[in-house]
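Hi,

Here is the structure I promised to send over. Have a look first, and my notes follow below.

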Amino acid sequence: MEGKVVIISAPSGAGKTTIVRHLLEKPSLKLSFSISACTRQPRPGEVNGRDYHFLSVDQFKTMIDDGSFLEWEEVYKNNYYGTPKSEVDRIWNSGHNVLFDVDVMGGINLKEKFGEKALALFIMPPSIEVLRQRLEMRGTEPAEKINSRVNKATLEMKFARKFDYTVINDDLTVALNETESLVAAFLK
Ligand code: ADP
Ligand code: 5GP
């Protein structure tokens, strides 16, 4: 059984996770989160098999060789992230639509694969300065990792036009409402 897919991409710190959680709380959207594989360490509170499948680099590379990923990226040095093909089958077979939270290149690749079945949304921070502040406030990465995420964001923001819509996450309530309306209209 085939459903639809919603792709949420953004530079790290733009508010993707916050927006994804909001969408998952709306039963009428019938969205299920695609659990990616990744090789970074779990953050406090993250659960293996719920937030990510946390793998070693060797395990991840075996999955690449086996052709198990729809797409994968070395998002940061030695930190691999990928969408297992099995996630889409699992979610569509349960009668739900797939929600992807992936980096910008991953979002572009998934949109190309799913075409009209996909709604691709780019979450844009109000500015690079605000993005840095949000990452600092979140406090989940050391300073050098924040720098690498902010540097990458400057490049990623140039790809926003490849997405179906851009949502500016300045006032959170406005961004949540706008995203929910776009997703509801697409899935209707
Ligand atoms: P991402 O998943 O894109 O890395 P998060 O959803 O973790 O981003 O958001 C980064 C940080 O910014 C979090 O601490 C979050 O609570 C905060 N945040 C998200 N949206 C807003 C907003 N509109 N205004 C202020 N803070 C926000
Ligand atoms: P984080 O380490 O903050 O959880 O994620 C870092 C980045 O990797 C985020 O932009 C997130 O969306 C992205 N990401 C998570 N899973 C995947 C995936 O399966 N594929 C790709 N390409 N990016 C992913």
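A term you'll need first: a pocket here is an open set of points on a 1 Å grid over the protein atoms alone, with protein on both sides within 12 Å along at least five of seven lines (1.4 Å probe). A molecule sits in a pocket if more than half of its atoms lie within 2 Å of its grid points. By that test, ligand 1 sits in the largest pocket, and ligand 2 sits in the largest pocket too.

Some housekeeping. This is a predicted model, with local features needing pLDDT of at least 70 and side-chain atom pairs counting only at pLDDT 80 or more, while totals for chains, interfaces and linings use all residues. Residues are numbered from 1 along each chain as its sequence is written, chains are lettered from A and ligands numbered from 1 in the order in which they are written, and side-chain values use heavy atoms, with hydrogens and water left out.

Ligand 1

There are 13 residues around ligand 1, and Gly 13, Thr 17, Thr 18, Arg 138 and Asn 169 come nearest (a residue is near if one of its heavy atoms lies within 4 Å). That shell splits into 3 nonpolar, 6 polar and 4 charged residues; Ala, Val, Leu, Ile, Met, Phe, Trp, Tyr, Cys and Pro count as nonpolar, Asp, Glu, Lys and Arg as charged, and the others, Gly among them, as polar. Helix α1 gives the largest share, 3 residues. (Helices are DSSP runs of H or I with at least four residues, strands are runs of E with at least two, both numbered from the N terminus.)

For polar contacts (pairs of N or O atoms within 3.5 Å), look at the backbone. A polar backbone atom of Gly 13 is 2.7 Å from an oxygen atom of ligand 1, and backbone N or O atoms of Ala 14 and Gly 15 lie 3.3 Å and 3.0 Å from an oxygen atom of the ligand. Taken alone, ligand 1 exposes 560 Å², of which the protein buries 75% (Shrake-Rupley areas, 1.4 Å probe).

Ligand 2

Around ligand 2 there are 17 residues, with Lys 16, Ser 36, Arg 40, Tyr 52 and Tyr 81 coming nearest. They divide into 5 nonpolar, 4 polar and 8 charged. Strands β5 (69–76), β6 (79–84) and β7 (97–102) each supply at least two of them, and β5 has the largest share with 4 residues.

The contacts here involve side chains as well as backbone. A polar side-chain atom of Tyr 81 is 2.5 Å from an oxygen atom of ligand 2, while a backbone N or O atom of Gly 82 lies 3.1 Å from an oxygen atom of the ligand. On the nitrogen side, an N or O atom in the side chain of Asp 103 is 2.9 Å from a nitrogen atom of ligand 2. The protein covers 95% of the 510 Å² of accessible area that ligand 2 has on its own.

Backbone bits

Two residues other than glycine have a positive phi: Lys 30, at about 50 degrees, and Asn 78, near 65 degrees. Lys 30 is in the loop between α1 and β2 (31–33), and Asn 78 is in the loop between β5 and β6. Lys 30 is partly exposed because its relative accessible area is 43%, and partly exposed runs between buried (under 20%) and exposed (over 50%). Asn 78 is partly exposed as well, with 43%.

Cheers

Definitions and conventions:
A polar contact is a pair of N or O atoms within 3.5 Å; within protein, one must be able to donate a hydrogen and the other to accept it, and residues adjacent in sequence count only if both atoms are side-chain atoms. On a 1 Å grid over the protein atoms alone, a cavity is a set of points where a 1.4 Å probe fits but cannot get out, and a pocket is an open set with protein on both sides within 12 Å along at least five of seven lines; lining residues have an atom within 4 Å of a point. Buried means under 20% relative accessible area, exposed over 50%, partly exposed in between (1.4 Å probe, protein chains only).
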